[in-house]
Amino acid sequence: MPRFRFQWQYIPQQLREILAASTQLASAEPEHFIKKFGKRPTLEFIRQQWPILLDHWLVRDVAAAARIALALRQHDLGDPAVADDIAYLHTCRNTQRLREVVLLEFITFGENAIHPEVPRLATQIPSNISTEATTTIGAPDPIDVLRQNMVMLLQKNFRDVPIQIHDDGDISMTVGSSMLFLSVIPDPLLVRIYAILLKNISPTPPLYETLNHINHQLQIGRIFAIENMVVLESALLPFALNEPMLLHTIGYIATVADDYDDRLQRSFGGEIWGITHAGDMIDV
């Protein structure tokens, strides 16, 4: 298992050939990039190759160019009066801030073996989002980029719902009567979306049989018992993480959780997660 999820061979061949020619590599084979630049690119690589990345990568990756332009505009780089993203990026100086933003995007780009024509999520987190652990935001790591992507998208689509980021990096929010959690798993890199339906429940053969029956009916995801809890979850690969898919998965998990938590409690006991006996109140 490679140490880094970024792989030079995931960079499209045409772009590798252009980069190889500009740096006088023997060929565009990944091993030559590893020998010269390391297992994944650095800020120095971005500094040297920024003009080529701009003219031969970002002109084709419109979504990535838009995310980088958004981030740099927020940092007051370049000429914000230029509306076109590529033209705007040409006005930005090759600064440390620019390299940090571009490096995150390029590493994410090089973690996908297949680059579908589906736009990925925006990379920047709005400054007005309240978090419990700000140390998870802004670190130059692809996991943090994914986490930022999701927070921004949730804030955009659930304006009246508090979005929490916990000390372990998990994101939580209330959808309907369900408390949903979104978690980035590093190995393999996945976005896990789950709801805890019941807590303090005793696993029994009839419970397992019922959960197996429900699993046969689920369109996506799975339901299972673990550590005296019943959990409903689904997972998304990073390259499939676009806005419609994420919102569809959240809505589906919330709907199924609302449908089954009461029914399972009536049959097997336990407590519905986040609901007190005094009514529909969220435990904090």
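1. A salt bridge is a side-chain nitrogen of Lys or Arg within 4 Å of a carboxyl oxygen of Asp or Glu. In this predicted model, the side chains of Arg192 and Glu233 satisfy that criterion, with an N to O distance of 2.1 Å. The pair connects distant parts of the chain, since Arg192 belongs to strand β4 and Glu233 to strand β6 (residues 229–236), 41 residues apart.

2. The two partners of this bridge fall into separate accessibility classes. Arg192 has a relative accessibility of 22% and is therefore partly exposed. Glu233 stands at 9% and so counts as buried, because the class of buried residues covers values under 20%. Arg222 also enters the picture: Arg192, Arg222 and Glu233 are linked in a network of salt bridges.

3. How many salt bridges does a search of the whole structure find? The search returns 8. In general terms, side chains of opposite charge can pair when their charged atoms come close. Two further examples, each within a helix, are described in the next points.

4. In helix α6 (residues 96–109), Glu100 and Arg97 are 3 residues apart, which means a separation of about one helical turn. Their side chains meet in a salt bridge with an N to O distance of 3.4 Å. Both ends are partly exposed: the relative accessible area is 31% for Glu100 and 38% for Arg97.

5. Helix α9 (243–268) contains the pair Arg263 and Asp259, with a spacing of 4 residues, about one turn of the helix. The closest N and O atoms of this salt bridge are 3.2 Å apart. Arg263 is partly exposed at 39% relative accessible area, and Asp259 is likewise partly exposed at 37%.

6. Rolling a probe the size of a water molecule over the atoms shows where empty space is left. The structure holds 2 cavities of 30 Å³ or more. The second largest cavity has a volume of about 60 Å³.

7. Which residues line the second largest cavity? The lining consists of Ser177, Ser178, Met179, Ala195, Ile196, Leu197, Ala257, Asp261, Ile272 and Trp273. By class, 7 of these residues are nonpolar, 2 are polar and 1 is charged. Asp261 is the charged member, because Asp counts as charged under the classification used.

8. Three elements, β3 (178–186), β4 (189–199) and α9 (243–268), each supply at least two residues of the lining of the second largest cavity. The greatest contribution is that of β4, with 3 residues. Strand β4 also holds Arg192, the partner of Glu233 in the salt bridge of the opening point. Helix α9 likewise carries the pair Arg263 and Asp259.

9. Two backbone conformations deserve a reviewer's attention. Gln24 has a positive phi of about 60 degrees although the residue is not a glycine. Gln24 is placed in the loop between α1 (13–22) and α2 (30–37). With a relative accessible area of 74%, Gln24 is exposed.

10. Asn200, also not a glycine, has a positive phi of about 55 degrees. Where does Asn200 lie? Asn200 sits in the loop between β4 and α8 (205–217). Its relative accessibility is 52%, so Asn200 counts as exposed, the threshold for that class being over 50%.

Technical notes
Residues are numbered from 1 along each chain as its sequence is written. This is a predicted model: local features need pLDDT of at least 70, side-chain atom pairs count only at pLDDT 80 or more; totals for chains, interfaces and linings use all residues. Side-chain values use heavy atoms; hydrogens and water are left out. On a 1 Å grid over the protein atoms alone, a cavity is a set of points where a 1.4 Å probe fits but cannot get out, and a pocket is an open set with protein on both sides within 12 Å along at least five of seven lines; lining residues have an atom within 4 Å of a point. Grid points are joined across faces, edges and corners, and a volume is the space filled by probe spheres set on the points. Buried means under 20% relative accessible area, exposed over 50%, partly exposed in between (1.4 Å probe, protein chains only).
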